[in-house]
Amino acid sequence: QVQLVESGGGLVQAGGSLRLSCAASGRIFSINSMGWHRQTPGKQRELVAAIISDGSTNYADSVKGRFTISRDNAKNTVYLQMNSLKPEDTAVYYCNAEVLTTWTTMRLFWGQGTQVTVSS
């Protein structure tokens, strides 16, 4: 199995910054994509940002120019640098990873989520 452990959430004032981290461990052959989603009560989980193994990135329009996703392949870790935070960024943030657990098996794993709260 593969475990994803997130850290770095918390409470911050509008305009502030936070950095989320997510480390993957366990039965990992390689990792294709890693990403961050977020969810607020009553709403569907939405993509925030994703990065694949070659470094290509994808961002939600609402965070472009404010958030930066990066990864350390040697540490199987993905980061999300969040700047200029807004109250509407408040959500539980989940990381995920597409992991090749054997030569032929790729599975999607999720972290447990970390709360980000932005006060106005």
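**Exercise 1. Place S30 in the fold and describe its surroundings.**

*Solution.* Start with the secondary structure: S30 sits in strand 4, which covers residues 30–39. Keep in mind as you work that this is a predicted model.

Next, look at solvent cover. Buried means under 20% relative accessible area and exposed means over 50%, with partly exposed in between. S30 has a relative accessibility of 33%, so this serine counts as partly exposed.

Now list the neighbours. Leaving aside residues up to four places away in sequence, S30 touches E98, V99 and L100.

Finally, compare sequence and space. S30 and M106 are 76 residues apart in sequence, yet their C-alpha atoms are 9.2 Å apart in space.

**Exercise 2. Work out how strand 9 is paired, and say how many of its residues are buried.**

*Solution.* Take the partners one by one.

- Strand 4: this strand, the one that holds S30, runs antiparallel to strand 9, and 8 bridges join the two. To find a matching position, go to W36, which stands opposite C95 in strand 9.
- Strand 10 (residues 106–110): the pairing with strand 9 is antiparallel, over 5 bridges. Here E98 stands opposite L108. Strands 9 and 10 form a hairpin, with 5 residues between them.
- Strand 11 (residues 114–119): again the pairing with strand 9 is antiparallel, this time over 3 bridges. A91 stands opposite V116 in strand 11.

Then turn to burial. Strand 9 is mostly covered, since 8 of its 10 residues are buried.

One link back to Exercise 1 is worth making. E98, which stands opposite L108 in strand 10, is also one of the residues that S30 touches.

**Exercise 3. Find the disulfide and explain which parts of the chain it ties together.**

*Solution.* Begin with the count: the structure holds 1 disulfide. The partners are C22 and C95, and their sulfur atoms are 1.9 Å apart. The cut-off for calling such a pair a disulfide is 2.5 Å, and 1.9 Å falls within it.

Now assign each cysteine to a strand. C22 lies in strand 3 (residues 18–26) and C95 in strand 9 (residues 91–100), so the bond ties together parts that are 73 residues apart in sequence.

Last, check the cover. C22 and C95 are both buried. You have already met C95 in Exercise 2, as the residue opposite W36.

**Exercise 4. Determine the strand order of the open sheet that contains strand 3, and name its edges.**

*Solution.* The sheet has 4 strands in the order 1-3-8-7, and the pairing is antiparallel. The edges are strand 1 (2–7) and strand 7 (67–72), each of which pairs on one side only. On average, neighbouring strands in this sheet are turned by 15° against each other, with direction ignored.

Zoom in on one pair. Strands 1 and 3 run antiparallel and are joined by 6 bridges.

**Exercise 5. Is V2 buried or exposed, and which residues does it touch?**

*Solution.* V2 is found in strand 1. Its relative accessibility is 8%, so V2 counts as buried.

Across the pairing, V2 stands opposite G26 in strand 3. R27 is 25 residues away from V2 in sequence, while the C-alpha atoms of the two are 5.7 Å apart in space.

Once residues up to four places away in sequence are set aside, V2 touches S25, R27, I28, V99, T101 and F109. Notice V99 in that list: S30 touches V99 as well.

**Exercise 6. Describe the protein as a whole: what are its elements, its overall dimensions and its surface?**

*Solution.* Count the elements: there are 0 helices and 11 strands.

For the dimensions, the C-alpha trace spans about 50 × 25 × 20 Å along its principal axes. A compact globule of 120 residues would have a radius of gyration near 14 Å, and the protein agrees with this at 14 Å.

For cover, 41% of the 120 residues count as buried. The accessible surface comes to about 6,300 Å², and 48% of that area belongs to carbon and sulfur atoms.

To finish, consider the contacts. Among those between residues at least 6 apart in sequence, 55% join residues at least 24 apart. You have handled one such contact already: V2 touches R27, and these two are 25 residues apart in sequence.

Key:
Residues numbered from 1 in each chain as written. Predicted model: local features only at pLDDT ≥ 70, side-chain atom pairs only at ≥ 80, totals over all residues. Heavy atoms only, no water. Buried < 20%, exposed > 50% of the residue type's maximum accessible area, 1.4 Å probe, protein only. Pairing = 2+ DSSP bridges. Axes fitted to C-alpha atoms, helices over the stretch in contact; angles between N-to-C directions. Contact = heavy atoms within 4.5 Å. Rg over C-alpha atoms; globule rule 2.2 N^0.38 Å. Areas by Shrake-Rupley, 256 points an atom, 1.4 Å probe, with all protein chains shown as cover.
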